[in-house]
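Colleague: I'd like a close look at a single part of this model, and then how that part connects to its surroundings. Could you walk me through it?

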Amino acid sequence: MAEFEQTSPPLAAGTDPGRALHWVVTAGSADAGAAEPGPLLIELIGSVVEGNQLATLVGELPPGRGLVLDLAGVRRINSIGVRDWVAFMRTLVGRAVAFRRCSSTVISQLNMIHGFRGHAHIESFMAPYVCDA
């Protein structure tokens, strides 16, 4: 069972839910015999655009815990979102960070933007596949 679950703040009135960035933070128990708690799993959903509230997310994270960012739900990132994402990654220095299930949108940014990955390692990514059969 998770230690806690936390979600992003409610959307402001008039905000398009398709453009907003939402998140769910869950923390599972540590592996049996582990001295420290396991990493937080943060599922990001939506668009990383202006008003993304990544700074709010950083302020809500307990200090020192490792993070696994599930990025399968990230559909769009604009230039302001890139700037905020790089700043977000800089605030996570000193934590173990992994990217899991990176969407093709995230992979595109990883390929184009220096510093987008920060010091994180990539566990897995989603790739579009078309079968001609």
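Which residues in helix α3 are buried?

Modeller: Keep in mind that this is a predicted model. Helix α3 spans residues 104–112, and its buried residues are T105, V106, Q109 and L110. They sit on the same side of α3, because they cover an arc of only 135 degrees around the axis. Turn to the face pointing away from that buried side and you find the exposed residues N111 and M112.

So much for the helix itself; now its neighbours. The buried residues of α3 pack against β4 (67–77), α2 (79–91), β5 (97–100) and β6 (121–122).

Let's take the strands among those. β4 and β5 run parallel and are joined by 4 bridges, with L69 standing opposite F99 in β5. To get from β4 to β5 the chain goes through α2, and this β-α-β crossover is right-handed. On to the next pair: β5 and β6 also run parallel, with 2 bridges joining them, and here A98 stands opposite H121 in β6. Our helix comes back in at this point, since the chain crosses from β5 through α3 to β6 in a β-α-β crossover that is right-handed.

Then there's the core. The largest nonpolar core has 29 residues, and those with the most contacts inside it are I42, L44, L57, L71, W85 and F99. Helix α3 is one of the elements that give two or more residues to this core; the others are β2 (21–27), β3 (40–48), α1 (54–60), β4, α2 and β5. As a general backdrop, nonpolar side chains in soluble globular proteins tend to be buried together.

Two of those core residues are worth following up. Leaving out residues up to four places away in sequence, W85 touches L44, L54, L69, L71, F99 and F116. That list includes both L69 and F99, the pair standing opposite each other across β4 and β5. The other is L57, which lies in helix α1. L57 is buried, with a relative accessible area of 1%. With the same sequence neighbours left out, L57 touches W23, V25, I42, L44 and F88. L57 and F88 are 31 residues apart along the chain, yet their C-alpha atoms are separated by 9.1 Å. L44 turns up in the contacts of W85 and in those of L57.

Notes. Residues numbered from 1 in each chain as written. Predicted model: local features only at pLDDT ≥ 70, side-chain atom pairs only at ≥ 80, totals over all residues. Heavy atoms only, no water. Buried < 20%, exposed > 50% of the residue type's maximum accessible area, 1.4 Å probe, protein only. Arc of directions from axis to C-beta. Contact = heavy atoms within 4.5 Å. Pairing = 2+ DSSP bridges. Right-handed = clockwise from strand over helix to strand, strands pointing away. Core = buried A, V, L, I, M, F, W, Y, C linked by side-chain atoms within 4.5 Å.
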